[in-house]
There are 2 protein chains.
Amino acid sequence: MSTTISNSAQSWVSVDKGSDFPIQNLPFGIFKYGEKPPRVGVAIGDKIVDLLQLYSLGYLNNLSFSKTDFANMYLNDMMSHGKEACRGLRLRIYELLNKDNNELQSNANHVNNILVNQSDATMLLPVQVGDYTDFYSSREHATNVGTMFRDPDNALLPNWLHIPVGYHGRASSIILSGEPVRRPKGQQKPNEDEPPVFGPCKLLDFELEMAFVTFNGKPLGESISTKEADDYIFGMCLFNDWSARDIQKWEYVPLGPFLAKNFASSISPWIVTLDALDQFRIPGPTQEPKVLPYLEYEGNKHIDIKLEVGLTPEGGEENIISKSNYKHMYWNMNQQLAHHTVNGCNIKCGDMMASGTISGPNPENYGSMLELSWKGTKPLKLKDGSERKFLQDGDTVVMRGYCQKDDIRVGFGQVSTKILPAN
Amino acid sequence: MSTTISNSAQSWVSVDKGSDFPIQNLPFGIFKYGEKPPRVGVAIGDKIVDLLQLYSLGYLNNLSFSKTDFANMYLNDMMSHGKEACRGLRLRIYELLNKDNNELQSNANHVNNILVNQSDATMLLPVQVGDYTDFYSSREHATNVGTMFRDPDNALLPNWLHIPVGYHGRASSIILSGEPVRRPKGQQKPNEDEPPVFGPCKLLDFELEMAFVTFNGKPLGESISTKEADDYIFGMCLFNDWSARDIQKWEYVPLGPFLAKNFASSISPWIVTLDALDQFRIPGPTQEPKVLPYLEYEGNKHIDIKLEVGLTPEGGEENIISKSNYKHMYWNMNQQLAHHTVNGCNIKCGDMMASGTISGPNPENYGSMLELSWKGTKPLKLKDGSERKFLQDGDTVVMRGYCQKDDIRVGFGQVSTKILPAN
């Protein structure tokens, strides 16, 4: 068995040009269809490969997985087998879907049992997230926020170029694309000289992020180096870090964001493996001042992932309000994971770590309404003639992402979320 | 069946005067002994009631629990039955242990199977913690920190008297009493004008806290009121929120503590139910300025829990370095939980929420080395003649807590942790 999927490979399952899910991708997710219980699936074109069926029909023999790894509400049990086993599983699926392989494609009855239309399936949250960490790794985003709220001449705080700054977030409120988000209520202090008030958030915002999902790490007290980090990362998804700016402003000093963030975070349903993203790796920015040795890394650890955000008012049409790229990150995943564990903090299978808002150098690359409307001073004009400083009830926010090189496109699908009014 | 345990009740299991675990307590934990797999237990005197055996012998029939609730590595499955069911279970155990009840005590063979010596058992982490939140609810602690690091004349930040300030912590590194903690390494910036350095933490500290464990909450988007909060709290334990002050100082602006805290938090093994603590409830402080309506509460929601911290140098004898009380909290658990969910944030069975450092009004009540040594300016003198500004390798920190009224003592046991040198 080869260890990578060739760019010239094609599947006997038809894949439209422009699909996010060619045979070079093969992302993992959890789905259900008909009356059947949840199970693990792999996307190919507009189909899903039912891994429970594949296993039950004997196609995954000689791998280390068992039936309950696939007859499962989450990917965690499958992922608990680790990097090499999951890589082997994906390559076996590639083999079975390869046009040049007759094992499965020649058995029409089996094919019928194993392939499910994505349109007939309901996707579920793919991972039971243990701990969720949010980083703050886009220099442009940190600079924009610092410019708006602190000092334009010293926009970056002193630690920012030395530390991949991050904080712990709430795992219980991570939800799937398609689930609406209710506008949160909370304390705000609109007037400096008056007491705080309680009510629905008035400055509701999205944050365009990507997240990675981890395998089991090392025992408590040990660290993962930047070099080892790839072995502990299963894959990535799109991540919308919903933010209530008015709640955040009043609560966040000195211990960081809390209720401004923990009402919801939305993710896309397919976890694209790090292996599928490997060919889209690129060099990162020069890091000056030089980082401490535990944050040094070798090779290309940034990834060229094209990102966009669409905003659709209730009953209206979509407006693309941001175009960014994951390559703009200052700190890469390897550095984030090395930093997170350098003090001995342990990570577990199914932990999720988000990038922080991914903003690029130009205003059209900004990854939040806060930045796009520059704190509400430059409202966005939408196609229907309305304006937005922040998000309104009934708005739907969609984030999409994909990698592209020559004819090969490896995509993430989307995370789409409608905003409901406060209770 | 009565709904509370009478203070005049006594058990046929002998309980020493001064024991933390009389029949009025009956806390839950996870233990193993001999070659047997982990299971749920309830402490009584210096014994443990093996709930799996109790169930298997038919003593827990007519309750809603099943065998796997007790044959379990964690209390979560048992707790997932909710407040009323867990209350019924505890009262049934009380009934069986009551001196006036012959059901169990008259069957010597069963008694022999069901009672295990605590000295023969190994306690395990009682709860699989989903999300962990740390509050900052002691006015004295927040004032001390503000006085030391900011402005003595404005020690409390503007939001502190309006918000039970809290932040998300790391669940994966919550460990049990008895497990050592390794001194973390990380970035520090000892000199203002020089770049940060990397190395072992030099200012390692404990924080004396208590934590509560939750039942399943409401769906995402709904809130728990201060009045409802009791129904969502299973019980409490002692909590040591290990802190690396030098790492914290450099990393925590603007998103809060991260590596300074997430290398470990230590808890005591027994979860004392809220029911057992009910008779020790007392009024809280007057809250001025008046809190927002969602934070108002009725009745006595604070609890009189006497706390102490012991420090034992390697090979030396114990020094009691702090005596505090949970009653010093400004914000109570009901307010903390109402605040945490007011934005619709969901809580799950097994979430853990810690109080924040519990300091009292006098220097001997301070709940951290930072405060006890006043930022290192007033070293503590120990019995062996040595001094401590912060913790040293080989030191063991023990926290103990108990409630006492007349002859009734309901205690938490202890959380004891030795500090190992950095790797």
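These questions and answers tour a predicted model, its chain contact, one helix and some salt bridges.

Local features need pLDDT of at least 70 and side-chain atom pairs pLDDT 80 or more, while totals for chains, interfaces and linings use all residues. Residues are numbered from 1 along each chain as its sequence is written, chains are lettered from A and ligands numbered from 1 in the order written, and side-chain values use heavy atoms, without hydrogens and water.

Visitor: How many residues does the contact take from chain A and from chain B?
Guide: Contact means heavy atoms within 4.5 Å. Chain A and chain B each enter the count. The contact takes 55 residues from chain A and 55 residues from chain B.

Visitor: What area is buried between chain A and chain B?
Guide: Buried area is the accessible area (1.4 Å probe) that two parts lose on being put together, summed over both. Carbon and sulfur atoms give 62% of it here. The area between the two chains is about 5,200 Å².

Visitor: How many salt bridges are counted between chain A and chain B?
Guide: A salt bridge is a side-chain nitrogen of Lys or Arg within 4 Å of a carboxyl oxygen of Asp or Glu. Asp131(A) and Arg170(B) meet in a salt bridge, at 3.5 Å from N to O. The count between the two chains is four.

Visitor: Which element gives the largest share of the side of chain A that touches chain B?
Guide: Helices (H or I, at least four residues) and strands (E, at least two) are DSSP runs, numbered from the N terminus. The elements giving two or more residues to this side include strand 6, strand 10 and helix 7 of chain A. The largest share is four residues, and it comes from strand 7 of chain A.

Visitor: Why is helix 9 of chain A described as largely enclosed by the rest of the structure?
Guide: Buried means under 20% relative accessible area, exposed over 50%, partly exposed in between (1.4 Å probe, protein chains only). Helix 9 covers residues 333-341 of chain A. Among its buried residues are Met333(A), Leu337(A) and His340(A). The helix is largely enclosed because its buried residues number nine of the nine.

Visitor: Which residue of chain A does Val165(B) touch?
Guide: Val165(B) lies in the loop between helix 6 and strand 7 of chain B. Val165(B) is buried, with a relative accessible area of 3%. Leaving out residues up to four places away in sequence, Val165(B) touches residues including Phe135(B), Trp160(B) and, from chain A, Leu255(A).

Visitor: How many residues apart are Asp230(A) and Lys301(A)?
Guide: Their side chains meet in a salt bridge, at 2.6 Å from N to O. The pair links distant parts of the chain, with each residue in a loop. Asp230(A) is buried at 16% relative accessibility, and Lys301(A) is buried at 14%. Along the chain they are 71 residues apart.

Visitor: Is Lys261(B) buried or exposed?
Guide: Lys261(B) forms a salt bridge with Glu207(B), the closest N and O atoms being 3.0 Å apart. Glu207(B) is buried, with a relative accessible area of 4%. For Lys261(B) the value is 8%, so this residue is buried.

Visitor: Is Lys381(B) buried or exposed?
Guide: Lys381(B) forms a salt bridge with Glu387(B), with 3.1 Å between the closest N and O atoms. Glu387(B) is partly exposed, at 39% relative accessible area. Lys381(B) has 67% relative accessibility, so this residue counts as exposed.
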